[in-house]
Amino acid sequence: MRHDVRRSAYLVLLALVVLLTGAAPAAVAGGTTGGLAVAVSPDGSRVVAGGSNRVLYELDPASLEVKRRVHLGRQVMDMAFSPDGTVLAVESTKAVQLLK
């Protein structure tokens, strides 16, 4: 049951990010089709989205307003925070970048 609640919350967040950033959603979220990847830090204090437009969006977790944009120059395929939330691993079409 807990997995279903998390998945539902993730899908709602994904839909909101698509609406706010204008990014095209992937056919399968987090898949290799491009589109959109979303990562939430373990403590919920950071939300980051990115995708085929080669931009990372750092969002305010409460309002989902875009706080910062970072142009990566590469399509974002997937991303995840480290267990302590201090490092974001971003998989692009050519490399994996570690961002603090």
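**Exercise 1. Classify E58 by its relative accessibility, and determine which salt bridges it forms in this predicted model.**

Solution.
1. E58 has a relative accessibility of 15% and therefore counts as buried, the cut-off being under 20%.
2. Side chains of opposite charge can pair when their charged atoms come close.
3. One partner of E58 is R68, with the closest N and O atoms 3.1 Å apart. Strand β3 holds E58 and strand β4 (residues 66–71) holds R68, so this pair ties together parts that are ten residues apart in sequence.
4. K67 also forms a salt bridge with E58, at 3.9 Å between the closest N and O atoms.
5. A salt bridge joins E58 to R46 as well, the closest N and O atoms being 4.0 Å apart. Here E58 in β3 (residues 55–59) is linked to the loop between β1 (36–40) and β2 (47–51), where R46 lies twelve residues away.
6. The structure holds three salt bridges, and R46, E58, K67 and R68 are linked in a network.

**Exercise 2. State whether R46 and R68 are buried or partly exposed.**

Solution.
1. R46 has 19% relative accessibility and so counts as buried.
2. R68 has a relative accessible area of 44% and is therefore partly exposed.

**Exercise 3. Describe the surroundings of A95.**

Solution.
1. A95 is located in the loop between β6 (88–92) and β7 (96–99).
2. Its relative accessible area is 28%, so A95 is partly exposed.
3. Leaving aside residues up to four places away in sequence, A95 touches R74 and V90.
4. The C-alpha atoms of A95 and V76 are separated by 9.7 Å, with the two residues 19 residues apart along the chain.

Technical notes
Residues numbered from 1 in each chain as written. Predicted model: local features only at pLDDT ≥ 70, side-chain atom pairs only at ≥ 80, totals over all residues. Heavy atoms only, no water. Helix = DSSP H or I, 4+ residues; strand = E, 2+ residues; numbered from the N terminus. Buried < 20%, exposed > 50% of the residue type's maximum accessible area, 1.4 Å probe, protein only. Contact = heavy atoms within 4.5 Å. Salt bridge = Lys/Arg side-chain N within 4 Å of Asp/Glu carboxyl O.
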